[in-house]
Amino acid sequence: MKILIKNIKQLVQTEALPRIKVTGAEMKNITSISDAWLAIEEDKIVGFGRMEDWEGISDWTNLTIIDASDKIVMPCYCDSHTHIVYAGSREGEFVDRINGLTYEQIFERGGGILNSAKKLEEANEEELIESALKRLNEIMWQGTGAVEIKSGYGLRIEAELKMLRVIKKLKALSPLTIKATFLGAHAVPAEYKNDKQTYIDIIINEMMPKIAAEQLADYCDVFCEENYFTKEEAIKILIAGKKHGMTPKVHAEQLSNSGGVLAGVEVGAISVDHLEFVGDKEIDALRNSKTMPTILPGAAFFLSLPLPPARKMMDAGLALAVASDYNPGSSPSGNMNFMLSLCCVQYKMTPEEAINATTINSAYAMDLSKTHGSICVGKQANVFITKEISSYAYIPYSFGSNLIETVIISGKIVTGRQ
Ligand code: NIG
Ligand code: FE
């Protein structure tokens, strides 16, 4: 199977030499080629360039040709933080928040993550697979080609294993590249409210060995926050996760400055995510680390949180990734095109910075930047073709529009759009 896309108005985020991430002021640059071609063979990108340098077709066998005149071609988005395996929805809490309750107050009443845990307990694997596959297809049609999915609505051993087994099955069922994260430390279940240590012991001594034995998780994550898990608890859990082969990630400084970033840097986390309450100390710690600061504009938007200091972090020379946080409580959307718009409108990121943050840097945040996140020879052929639009800046500009016409995942044109 071969695909040739020709007459591309702009081929965006091309790389002659692959990079693993883009930092600081470099994020302002995107290499793109006007009037371009792109060649795909099997599941890989095998060539690209300017139409005027194109050498023509020597072998027509099994070749599909796509004319992309007046259309933009981009690498698919990489969404490095989601919770898309869940049961039911939580629009009731959304209405409660409109009427004045806060996210924290809803949690204290037994809602929030605990509400989703109740619903998940009652759902079977088949139902969870079916609803998650719908969401995966939805985000694929919105241009996402790789996604990380967390557990964390189980909070009991069997339910956490159920979530992670569902994610493992999704890896086989969906064309998307999927990474799995164990988030047993998402909240303290009601029965351990006054005995958090016992729940932490269960996470470390009972859940982790089973998860490792079945190879169910690539990463381990902790919600480091007041009323959830402290910095010290996060470090302990993440170090235990590492011993079981799970790389650390952290939900950090979302609702307050709670030490999540410092915990993440200390244990060598691949990413620290949210960052609404990041300060100078955290920025300094991140500067000399391998940890990718990741903002989740959908969650800050939906919960009306203060905005993470994206500009300050990039000006300090840090890389920045952006992910959707698709989940039923704080970001019921995985549309990365909308995340691009939020980046540009609310965070004053340029379209170039926003594209770097949602492609190569978010690929880094799930160890995929060697194979995903840019148009580069040898990388996986995950690309999308837009409708006729004037430039790539039109994508964040035209917020809420559906501008994607064709999606190619692992060298296959995805069909069956709903
Ligand atoms: O990333 N912050 C914690 N966890 C999720 C929200 C989960 C929920 O409300 O269901 C988040 O925002
Ligand atoms: Fe999250």
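Reader: How much of the chain counts as buried?
Author: In this predicted model, 61% of the 418 residues count as buried.

Reader: And the surface, how much area does the chain expose, and what share comes from carbon and sulfur?
Author: The exposed area is about 16,200 Å², with carbon and sulfur atoms supplying 51% of it.

Reader: Which residues make the nonpolar surface patch?
Author: F94, V95 and I98 make a nonpolar patch of about 270 Å². I98 belongs to helix α1, residues 91-98.

Reader: Is I98 buried or exposed?
Author: Exposed: the relative accessible area of I98 is 59%, which is over the 50% cut-off.

Reader: Overall fold, then. How many helices and strands?
Author: The chain has 15 helices and 16 strands. Its radius of gyration is 21 Å, close to the 22 Å that the globule rule gives for 418 residues, so the chain is as compact as a globular protein of that length.

Reader: What does the C-alpha trace span along its principal axes?
Author: About 70 × 45 × 45 Å.

Reader: What share of the contacts is long-range, say 24 or more positions apart?
Author: Among contacts in the chain with a separation of 6 or more, 73% are between residues 24 or more positions apart.

Reader: On to the metal. What coordinates the iron ion (ligand 2)?
Author: Three histidines and an aspartate: H81, H83 and H251, each through NE2, and D325 through OD. The distances run from 2.0 to 2.5 Å.

Reader: How are those donors spaced along the chain?
Author: The spacing is H-x1-H-x167-H-x73-D. H251 and D325 link distant parts of the chain, 74 residues apart: H251 is in strand β10 (residues 247-252), and D325 is in the loop between β13 (321-322) and α12 (336-346).

Reader: Are H251 and D325 buried or exposed?
Author: Both H251 and D325 are buried.

Reader: Switching to charges. How many salt bridges does a search of the whole structure find?
Author: It finds 23. One of them joins the side chains of E15 and K379, at 3.7 Å from N to O.

Reader: Where do E15 and K379 lie?
Author: E15 is in the loop between β1 (2-12) and β2 (32-41), and K379 is in the loop between α14 (360-364) and β14 (383-388), so the pair ties together parts 364 residues apart in sequence. E15 and K379 are both buried.

Reader: What about K171, which residue does it form a salt bridge with?
Author: D218, with the closest N and O atoms 3.2 Å apart. K171 lies in helix α5 (residues 157-173) and D218 in the loop between α6 (196-213) and β9 (219-224), so this pair ties together parts 47 residues apart in sequence.

Reader: How accessible is K171?
Author: K171 counts as partly exposed, at 34% relative accessibility. D218 also counts as partly exposed, at 25%.

Reader: And E233, what does its side chain meet?
Author: The side chain of K196, in a salt bridge of 2.8 Å from N to O. Here helix α7 (residues 231-243), which holds E233, is linked to helix α6, which holds K196; the two residues are 37 apart.

Reader: Why does E233 count as buried?
Author: Because its relative accessibility is 17%, and buried means under 20%. K196, at 22%, counts as partly exposed.

Reader: Which residues do salt bridges with shared partners join into one network?
Author: K28, R311, D315 and E353.

Conventions. Residues are numbered from 1 along each chain as its sequence is written. Chains are lettered from A and ligands numbered from 1 in the order in which they are written. This is a predicted model: local features need pLDDT of at least 70, side-chain atom pairs count only at pLDDT 80 or more; totals for chains, interfaces and linings use all residues. Side-chain values use heavy atoms; hydrogens and water are left out. Donors are N, O and S atoms within 2.8 Å of the metal (3.2 Å for Na, K and Ca); water is not among the atoms, so sites may look incomplete. Helices (H or I, at least four residues) and strands (E, at least two) are DSSP runs, numbered from the N terminus. Buried means under 20% relative accessible area, exposed over 50%, partly exposed in between (1.4 Å probe, protein chains only). A salt bridge is a side-chain nitrogen of Lys or Arg within 4 Å of a carboxyl oxygen of Asp or Glu. The radius of gyration is taken over C-alpha atoms; the globule rule is 2.2 Å times the number of residues to the power 0.38. Contact means heavy atoms within 4.5 Å. Accessible areas come from the Shrake-Rupley method with a 1.4 Å probe; for residues, only the protein chains shown count as cover. Patches are made of residues with over 30% relative accessible area and no salt bridge: like charges are joined within 9 Å, nonpolar side chains (Val, Leu, Ile, Met, Phe, Trp, Tyr) within 5 Å.
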